[in-house]
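Here's a quick briefing to read with the model open in your viewer. Grab a coffee and have the sequence to hand.

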Amino acid sequence: MHGHGGYDSDFSDDEHCGESSKRKKRTTEDDLLLQKPFQKEKHGKVVHKQVAEELLDREEARNRRFHLIAMDAYQRHAKFVNDYILYYGGKKEDFRRLGENDKTDMDVIRENHRFLWNEEDEVDMNWEKRLAKKYYDKLFKEYCIADLSRYKENKFGFRWRVEKEVISGKGQFFCGNKYCDKKDNLKSWEVNFGYIEHGEKRNALVKLREKKLSPKKGRTESKKIVKSHHIKNPDYLLKKGPLRKRTKVKGN
């Protein structure tokens with residue numbers, strides 16, 4: 001290589017190349033020492049367009065997923081319906097559902113409720129029967145609440161107490177009649193309750209707390225009241241006269 005003025009050396013380029021290669025090698029060794037175990041490699045080149053699109057789609061899907069998780073079921077349903085109408089066309093009236101056959105949990109419980117569950121009733125349990133059985137297990141089955149509003153027709157209604165009534169004392173410390181809140185002169189009755197449930201006639205022996213008869217209206221024997229197996233018409237009880245005293249005949 002020929003220099004200008006005859007002062008340049010033929011080995012000057014080789015020296016510069018050697019120094020630059022040493023500098024690059026030293027920089028590479030320093031980068032390896034400073035690199036952390038979990039640190040990703042640095043890309044010096046621009047990523048491919050397809051890779052950039054995939055990363056963008058993945059980030060967009062993640063944001064959409066977080067947005068959907070933050071919604072409740074109804075909001076998600078409304079969003080999907082609006083998106084469908086936006087992309088495919090149509091009207092919201094086409095998606096309006098009929099609520100004629102809708103049932104709440106209480107409707108399902110009323111249809112499948114039983115006053116007493118036995119082993120035969122627990123065969124072939126579907127979700128509706130399981131829901132009714134779960135509600136039945138939460139009831140308190142020591143005393144009953146009675147509906148005596150139609151006693152003149154010889155019709156009575158009984159049900160078990162709920163937690164609120166147990167706390168307030170309704171049916172035990174207060175009268176068990178649904179429409180009576182008196183707590184004085186209560187008497188315990190043991191009643192043979194006959195009822196028809198799902199087309200089947202059944203009987204259950206239950207306890208009921210009712211107001212005791214006043215002395216002016218006549219009394220009945222206490223044992224008969226406690227052990228009575230049928231609820232009598234109150235008017236029928238009032239017509240009863242006082243009990244006769246039995247006298248023992250002494251033998252000669």
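What follows is a short tour, from the whole chain down to single side chains.

This is a predicted model, so local features were kept for pLDDT of at least 70, and side-chain atom pairs for pLDDT 80 or more. The chain has eight helices and four strands, and from the N terminus on they run α-α-α-α-α-β-β-α-β-β-α-α.

**The chain as a whole**
- Of the 252 residues in the chain, 19% are buried.
- The accessible surface adds up to about 22,000 Å², and carbon and sulfur atoms account for 52% of that.
- Take the contacts between residues at least 6 apart in sequence: 48% of them join residues at least 24 apart.
- There are 16 salt bridges in the structure.

**The hairpin of strands 3 and 4**
- Strand 3 (residues 186-197) pairs with strand 4 (residues 200-211) in the antiparallel sense, with twelve bridges between them.
- If you want a reference point for the register, Lys 187 sits opposite Glu 210 in strand 4.
- Two residues lie between the strands of this hairpin, and His 198 has a positive phi near 55°.

**A nonpolar patch on the surface**
- Tyr 84, Leu 86, Tyr 87, Tyr 88 and Phe 95 make up a nonpolar surface patch of about 670 Å².
- Tyr 88 from that patch belongs to helix 3 (residues 73-88).
- Tyr 88 counts as exposed because its relative accessibility is 64%, and the cut-off for exposed is over 50%.

**Asn 112, buried in helix 4**
- Asn 112 is part of helix 4 (residues 105-112).
- With 13% relative accessibility, Asn 112 counts as buried.
- Its side chain reaches back to the backbone oxygen of Val 108, at 2.9 Å.
- Leaving out residues up to four places away in sequence, Asn 112 touches Trp 117, Glu 128, Lys 129, Ala 132 and His 198. That last contact leads back to the hairpin, where His 198 has the positive phi.

**Lys 141 in strand 1**
- Lys 141 is in strand 1 (residues 140-147), and at 34% relative accessibility it counts as partly exposed.
- The side chain of Lys 141 has two backbone oxygens to look at: that of Leu 139 at 2.9 Å and that of Tyr 136 at 3.0 Å.
- Setting aside residues up to four places away in sequence, Lys 141 touches Tyr 136 and Trp 160.
- Lys 141 and Val 206 are 65 residues apart in sequence, with their C-alpha atoms 8.6 Å apart in space.

**Lys 170, a buried lysine**
- What does a buried lysine like Lys 170 have in contact with it, leaving aside neighbours within four places in sequence? The list is Ile 145, Arg 161, Glu 165, Cys 175, Asn 177, Lys 178, Cys 180 and Asp 181.
- Lys 170 is in the loop between helix 6 (163-168) and strand 3, and its relative accessible area of 10% makes it buried.
- A polar atom of the Lys 170 side chain lies 2.7 Å from the backbone oxygen of Asn 177, and one lies 2.9 Å from the backbone oxygen of Cys 175.
- Lys 170 also forms a salt bridge with Asp 181, with the closest N and O atoms 3.4 Å apart. Both partners lie in the loop between helix 6 and strand 3, so the pair ties together parts that are eleven residues apart in sequence.
- Asp 181, at 58% relative accessibility, counts as exposed, while Lys 170 is buried.

**More salt bridges**
- Salt bridges that share partners join Arg 114, Asp 121, Glu 197, Glu 200 and Arg 202 into one network.
- In the bridge between Arg 62 and Glu 59, the closest N and O atoms are 2.5 Å apart. The two are separated by about one helical turn because they are three residues apart in helix 2 (residues 49-69).
- Both ends of that pair count as partly exposed: Arg 62 has a relative accessible area of 30% and Glu 59 is at 38%.
- Arg 159 and Glu 165 form a salt bridge too, with 2.7 Å between the closest N and O atoms. Here Arg 159 is partly exposed at 34%, whereas Glu 165 is buried at 14%.

How values were computed
Residues are numbered from 1 along each chain as its sequence is written. Side-chain values use heavy atoms; hydrogens and water are left out. Two strands pair if DSSP finds at least two bridges between them. Patches are made of residues with over 30% relative accessible area and no salt bridge: like charges are joined within 9 Å, nonpolar side chains (Val, Leu, Ile, Met, Phe, Trp, Tyr) within 5 Å. Accessible areas come from the Shrake-Rupley method with a 1.4 Å probe; for residues, only the protein chains shown count as cover. A salt bridge is a side-chain nitrogen of Lys or Arg within 4 Å of a carboxyl oxygen of Asp or Glu. Buried means under 20% relative accessible area, exposed over 50%, partly exposed in between (1.4 Å probe, protein chains only). A polar contact is a pair of N or O atoms within 3.5 Å; within protein, one must be able to donate a hydrogen and the other to accept it, and residues adjacent in sequence count only if both atoms are side-chain atoms. Contact means heavy atoms within 4.5 Å.
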